[in-house]
Amino acid sequence: MATLSFVAFSLCLLFFSLAQGLSNNPQCSEAKDQGSNLQVFHVYSPCSPFRPTKPMSWEESVLQMQAKDQARLQFLSSLVARKSVVPIASGRQIIQSPTYIVRAKIGTPPQTLLLAVDTSNDAAWVPCNGCVGCGFNVFNSAKSTTYKTLGCQTAQCKQVPNPTCLGSTCSFNTSYGSSTLAANLSQETFTLATDAIPGYTFGCLQKTTGSSVPPQGLLGLGRGPLSLLSQTQNLYQSTFSYCLPSFKSLNFSGSLRLGPVGQPKRIKYTPLLKNPRRSSLYYVNLNAIRVGRRIVDIPPAALAFNPTTGAGTIIDSGTVFTRLVEPAYVAVRNEFRRRVGKYPFQTLGGFDTCYSVPFVVPTITFMFSGMNVTLPEDNIVIHSTAGSITCLAMAAAPDNVNSVLNVIANMQQQNHRVLIDVPNSRLGVARERCT
């Protein structure tokens, strides 16, 4: 018992120290959450209490992120009005791959939690008091005057996966990456920036297993019935955008902009596609990929949208490095190598095109229906801390998970404004420095 008490005391002391550090850092001030604008921080950011306690090398952090992408892809394979700006935090470590978090205030009086933002998930989850397997930073529902659980006969209970009844409370079980979770379906007041959303439906986590569940909770930005878009349709008109900062820029914040007001006017769009089997995911038509000035030879079937098999291309905020189906990736990689020249290449973890000599990075352009997105160097390659190794920051989709799904990931989205306009069924992309 003495050992357990010491461990608990140590954890509390660690969290208190982190909290003190955050309060003393003006860049981490909650005052920067204005209106419907929320700061977004990377989980390795100095503003994040979830940053690693000891520094990791560039190679260690990249390999860790890439390994967690595998669990992320497993999760993806299992699925099918006002202005509000929420700061997004940048960081490189989180228990599951959603590597960007926003600050949310939950309950009355409000309790602040850092929620991972996930465009491919619907329901919000929050670790609650008494949760088995959750971390030490939880929402204490007993201290809120506006918290309530939802019953088994409510419409929301029919919208969660695997609902069960424990007494009069609706509970559900689901998986996320390599983890499982159990939650009570609940309602509470959520405040994002300065917008209070009363009666927000979410999962109050009671038990988790595995290491994939984000320890601070999750905010679902998909388009299912329990997502933020659906629950705030009158407030934000199913429209939002985000800009993710580079995970190398630990002191810079991105933003999650909610609602149609204040969205960029000069932006190109591509149609959003609907897949009834994976209704939460943001599918788009990727028609071709250009490396330098050459459109590479990719079999049409490798890019074709197929609702039956789940094939096609999605935009996802939770996967770190873009994954292309094997024929598409091989074509892109081979042309990339050809343009780099005869320098010897090497492998690093799951990256198979790395160089230890300086070289000119060819551009890569994703050619969507109605919109081309040409990536600059920072979205194409990743450099070691010392600059001695440079890798093409993409990989082939694994054979056993999502082998038919192309995932445009957050490394390739950084420093771009990605606009989701569900009422008009379109997705826009524009360059923007998220600093």
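This briefing covers one helix and several backbone features of a predicted model. The helix is helix 6, spanning residues 326-340. The backbone features include a cis peptide bond between Thr108 and Pro109, as well as positive phi values at Asn162 and Ser425.

**Helix 6**

- Helix 6 contains 15 residues and extends 21 Å from its first C-alpha to its last, close to the expected 21 Å at 1.5 Å a residue.
- The buried residues of helix 6 are Ala328, Tyr329, Ala331, Val332, Arg333, Glu335, Phe336, Arg337 and Val340.
- An α-helix has 3.6 residues a turn, so residues three or four places apart point the same way.
- Just after helix 6 comes Gly341, whose phi is positive, at about 110 degrees.

**Cis peptide bond**

- Most residues other than glycine have a negative phi, and most peptide bonds are trans.
- The bond joining Thr108 and Pro109 is cis, with an omega of about -5 degrees.
- Pro109 sits in the loop between strand 3 (100-106) and strand 4 (111-118).

**Positive phi outside glycine**

- Asn162 is not a glycine, yet its phi is positive, at about 50 degrees.
- The loop between strand 6 (148-149) and strand 7 (163-166) holds Asn162, and Asn162 is exposed, with a relative accessible area of 51%.
- Ser425, likewise a residue other than glycine, has a positive phi near 50 degrees.
- Ser425 belongs to the loop between strand 28 (416-421) and strand 29 (426-431).
- With a relative accessible area of 26%, Ser425 is partly exposed.

Methods
Residues are numbered from 1 along each chain as its sequence is written. This is a predicted model: local features need pLDDT of at least 70, side-chain atom pairs count only at pLDDT 80 or more; totals for chains, interfaces and linings use all residues. Side-chain values use heavy atoms; hydrogens and water are left out. Helices (H or I, at least four residues) and strands (E, at least two) are DSSP runs, numbered from the N terminus. The expected span of a helix is 1.5 Å times one less than its number of residues. Buried means under 20% relative accessible area, exposed over 50%, partly exposed in between (1.4 Å probe, protein chains only).
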